[in-house]
Amino acid sequence: MEIGALLPIWSIIPFVGMLLSIALMPQIAPKIWDKYQLLFSLFWSVLFVVPFAIGFGLEATTYELIETLIMDYVPFIVLLVGLFAVAGNIHIGGTIAGTTKMNVIFLLIGTVLASLIGTTGAAMTLIRPLLRSNSWRKHKVHIVVFFIFLVANIGGCLTPLGDPPLFLGYIRGIPFTWTLEHIWPIFLLNTVLLLLVFALIDRHFVKKEGEEGRDSLQLQIEASKNDKLKIEGLHNIFFLIMILIGVILNGVLQKIPFFVQEDGKPIGINLYQDIHIGYNYFVQIIIILAALILSMVTTKKEIREKNNFNWAPMTEVAKLFLGIFITMIPALALLETHGAELGIDTQVKFFWITGALSAFLDNSPTFLVFLTTACSLPSDAASAVVTLVGNIDPGLLLAISAGAVFMGAITYIGNAPNFMVKSIAENNGIKMPSFFGYMAWSCAILIPTFIIDTLIFFI
């Protein structure tokens with residue numbers, strides 16, 4: 001059913017309400033918000049589901065909920081839980097002096113690592129040691145903000161393993177190395193620019209620490225000479241590799257003739273009406289859960305205690321994104337139906353529209369909507385990228401990919417690791433900016449960066 005052609009624009013009110021709750025409630029009533037986040041998610045979800053069921057019937061409602069929750073939300077959360085838990089079982093010990101130079105190195109390593117083990121894996125592995133190394137500081141919000149920019153978002157652009165939108169493109173026929181081959185100049189430029197800006201801002205805040213802060217830093221530098229870097233729980237690297245193998249198999253199995261039905265769908269089961277789940281879906285989930293369980297069983301509890309590991313950041317993401325996934329159903333349906341009518345036909349437009357919506361909608365379905373839209377436009381057969389959705393101009397594909405991945409950094413909800421990093425930082429006593437306070441940072445620093453990207457790569 002093409003529900004996007006029938007839905008009124010006001011059907012996105014629950015989604016807007018969900019976003020406003022995330023933005024405003026932590027400031028208006030933080031205790032109520034912390035205690036009743038799940039109820040807020042369920043309230044806005046019900047506010048969408050009930051009118052939708054009245055207007056379209058229980059069958060259509062069931063279809064949309066199953067497709068959203070089973071096909072999108074469950075694998076999304078399972079992957080995040082797996083990466084969150086396994087990364088939390090790796091402890092980077094020793095005394096690391098939180099100098100500007102060391103912070104830049106941390107951010108650079110995390111940015112590169114994000115494309116190898118995913119933005120969630122890289123963020124959860126490095127955020128805790130980064131915070132410990134800067135425990136001497138009073139001013140450290142900027143460190144977390146730039147960590148979100150680089151490690152939790154921009155760093156995931158080089159491979160399909162880095163960020164979910166690129167993985168969805170991979171399983172729809174985009175070559176595994178295509179993004180790496182084409183996006184690396186933008187990745188390099190953005191990484192260099194942001195690290196330079198960070199270094200300048202960090203040096204400014206170091207000066208504000210005063211004599212007491214400089215004395216604390218000097219003590220930390222002296223301690224780091226004797227307390228060398230050491231990594232505990234290193235065997236969990238194997239479990240991270242297991243998770244990545246599960247993700248890769250999800251895409252690979254769909255392309256092997258033995259696992260494909262005559263109708264072109266992967267071998268599997270029909271869950272409801274035409275909602276088909278391939279066995280590759282279950283392979284990924286089983287491997288991820290196996291890696292998670294093995295990681296928890298084989299890792300000493302003391303390692304998690306050293307990391308101050310707890311499930312609060314993950315449960316917060318699970319509760320809030322449940323409401324986001326359900327309430328964004330009409331927003332995505334309207335976009336899918338009317339996207340081609342928006343006059344989006346150039347690289348600049350695809351980059352900014354895909355990015356702007358990815359900052360507030362889940363960037364994976366947003367990526368797919370605009371991938372489909374771009375495939376409907378004419379392209380040069382000789383240079384077009386052939387996908388299962390259709391042929392797409394490589395310039396448009398680059399713009400859509402960059403927009404979806406990069407601009408997830410604009411808001412806390414643009415990418416799931418953003419929320420996790422924020423939560424861990426707050427658990428470590430850092431007063432993070434509000435929803436709009438964070439956007440003030442991102443708009444001031446990222447928007448000029450993306451304008452430079454536009455002028456150099458998309459015009």
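In the predicted model, N308 is exposed, with a relative accessible area of 53%. This residue is placed in the loop between helix 11 and helix 12, and its phi is near 50 degrees, a positive value in a residue other than glycine. Most residues other than glycine have a negative phi. A positive phi of about 50 degrees is also found at Q273, likewise not a glycine. Q273 belongs to the loop between strand 3 (268-272) and strand 4 (275-278). With a relative accessibility of 44%, Q273 counts as partly exposed, since the exposed class begins over 50%.

The chain as a whole comprises 18 helices and six strands. Its radius of gyration of 22 Å agrees with the value near 23 Å that a compact globule of 459 residues would have. Along the principal axes, the C-alpha atoms fill a box of roughly 65 × 50 × 45 Å. Of the 459 residues, 55% are buried. Among contacts with a separation of 6 or more, 80% are accounted for by residues 24 or more positions apart. The surface exposed by the chain amounts to about 19,500 Å², of which carbon and sulfur atoms supply 69%. The chain carries 26 positive and 30 negative charges, and the mean positions of these two sets lie 15 Å apart.

Burial was examined further in helix 13, which spans residues 329-338. This helix is mostly covered, seven of its 10 residues being buried. The buried positions are I329, P330, A331, L332, A333, L334 and L335. These residues pack against several other helices of the chain, namely helix 1 (13-28), helix 2 (30-56), helix 3 (58-88), helix 12 (312-327), helix 14 (347-358) and helix 15 (363-375). Helix 12, one of these packing partners, also borders the loop that holds N308.

Four salt bridges were found in a search of the whole structure. One of them joins the side chains of R137 and D202, with an N to O distance of 3.0 Å. R137 lies in the loop between helix 4 (100-133) and helix 5 (141-150), whereas D202 lies in helix 7 (residues 178-208), so the pair ties together parts that are 65 residues apart in sequence. Both R137 and D202 are buried.

A further salt bridge is formed by E232 and K306, whose closest N and O atoms are 2.9 Å apart. Because E232 is located in strand 2 (residues 230-232) and K306 in helix 11 (residues 301-306), this pair ties together parts separated by 74 residues in sequence. E232 is partly exposed, with a relative accessible area of 24%, and K306 also counts as partly exposed, at 40% relative accessibility.

E426 and K422 form another salt bridge, the closest N and O atoms being 3.1 Å apart. Here the two residues are four positions apart within helix 17 (residues 416-427), and are therefore separated by about one helical turn. An α-helix has 3.6 residues a turn, so residues three or four places apart point the same way. The accessibility of the two partners was also evaluated. E426 counts as partly exposed at 34% relative accessibility, whereas K422 is buried, with a relative accessible area of 11%.

Methods. Residues are numbered from 1 along each chain as its sequence is written. This is a predicted model: local features need pLDDT of at least 70, side-chain atom pairs count only at pLDDT 80 or more; totals for chains, interfaces and linings use all residues. Side-chain values use heavy atoms; hydrogens and water are left out. Buried means under 20% relative accessible area, exposed over 50%, partly exposed in between (1.4 Å probe, protein chains only). Contact means heavy atoms within 4.5 Å. The radius of gyration is taken over C-alpha atoms; the globule rule is 2.2 Å times the number of residues to the power 0.38. Accessible areas come from the Shrake-Rupley method with a 1.4 Å probe; for residues, only the protein chains shown count as cover. Lys and Arg count as positive and Asp and Glu as negative; His and the chain ends are not counted. The place of a charge is taken as NZ of Lys, CZ of Arg, CG of Asp or CD of Glu.
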